[in-house]
Amino acid sequence: MADADDLHVSPFREDGRTYGTPTWIWSVAVDGALYVRGYNGQNSRWYGAAAQQQAGRIVAAGLTKEVAFEPVDGPILDSIDEAYRSKYRGNRYLEPMISARARSATIRIVPRQAGVRS
């Protein structure tokens with residue numbers, strides 16, 4: 001999934017049971033963990049739902065996975081920037097995705113069992 005460029009994220013809605021509308025988003029892997037960022041930073045709608053609900057699902061590479069969303073901060077952000085530079089080099093959206101705004105909306109995606117909230 002980490003190499004796929006078709007990741008769609010669907011955090012739960014406010015009811016905690018209904019999945020939100022799938023949103024296509026860039027993803028990168030660092031040290032075996034999967035990370036995503038909100039292009040519009042913390043104002044990204046999917047990011048707000050993910051930060052609040054902390055769970056949902058993703059679809060990528062033809063697979064659907066139940067996941068938990070964990071906000072990320074600290075030194076790992078530099079490694080995540082490098083992963084974005086490597087994977088998306090030459091793309092016009094790269095600079096916004098490694099900006100302070102997007103960095104503030106970085107989330108680690110971790111697997112969870114279906115029906116189990118984090």
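Is Arg-108 buried, partly exposed or exposed, and what is its relative accessible area? In this predicted model, Arg-108 has a relative accessible area of 27% and counts as partly exposed.

## The sheet

The strand to which Arg-108 belongs, strand 7, is part of an open sheet of seven strands, which are arranged in the order 2-1-5-6-7-4-3 with antiparallel pairing. Strand 2 (23–24) and strand 3 (27–30) form the edges of this sheet, each of them pairing on one side only.

Strand 1, made up of residues 8–11, is joined to strand 5, residues 55–60, by four bridges in the antiparallel sense. Within this pairing, Ser-10 has Arg-57 of strand 5 as its bridge partner.

## Helices on the sheet

Helix 1, which spans residues 45–53, packs on the sheet and touches strands 1, 2, 4 (33–37), 5, 6 (63–71) and 7 (106–111), with its direction at about 55 degrees to that of strand 7. Helix 2, covering residues 76–88, lies across strand 3, strand 4 and strand 7, and runs at about 125 degrees to strand 3. Strand 4 and strand 7 are thus named among the contacts of helix 1 and also among the strands that helix 2 lies across.

## Salt bridges between elements

Side chains of opposite charge can pair when their charged atoms come close. The model contains six salt bridges, one of which joins Glu-70 to Arg-108, with the closest N and O atoms 2.9 Å apart. Because Glu-70 lies in strand 6 and Arg-108 in strand 7, this pair ties together parts of the chain that are 38 residues apart in sequence. Glu-70, with a relative accessible area of 30%, is partly exposed, and Arg-108 is likewise partly exposed at 27%.

A second salt bridge is formed by Asp-81 and Arg-103, whose closest N and O atoms are 2.3 Å apart. Asp-81 belongs to helix 2 and Arg-103 to helix 4 (residues 100–103), so the pair connects parts separated by 22 residues in sequence. Asp-81 is buried, its relative accessible area being 5%, which falls under the 20% limit for that class. Both residues also take part in a network of salt bridges that links Arg-37, Asp-78, Asp-81 and Arg-103.

## A salt bridge within helix 2

Glu-82 and Arg-85 form a salt bridge in which the closest N and O atoms are 2.6 Å apart. The two residues both lie in helix 2, three residues apart, a spacing of about one turn of the helix. Glu-82 is partly exposed, with a relative accessible area of 47%, and Arg-85 also counts as partly exposed, at 29% relative accessibility.

Terms used
Residues numbered from 1 in each chain as written. Predicted model: local features only at pLDDT ≥ 70, side-chain atom pairs only at ≥ 80, totals over all residues. Heavy atoms only, no water. Pairing = 2+ DSSP bridges. Contact = heavy atoms within 4.5 Å. Axes fitted to C-alpha atoms, helices over the stretch in contact; angles between N-to-C directions. Salt bridge = Lys/Arg side-chain N within 4 Å of Asp/Glu carboxyl O. Buried < 20%, exposed > 50% of the residue type's maximum accessible area, 1.4 Å probe, protein only.
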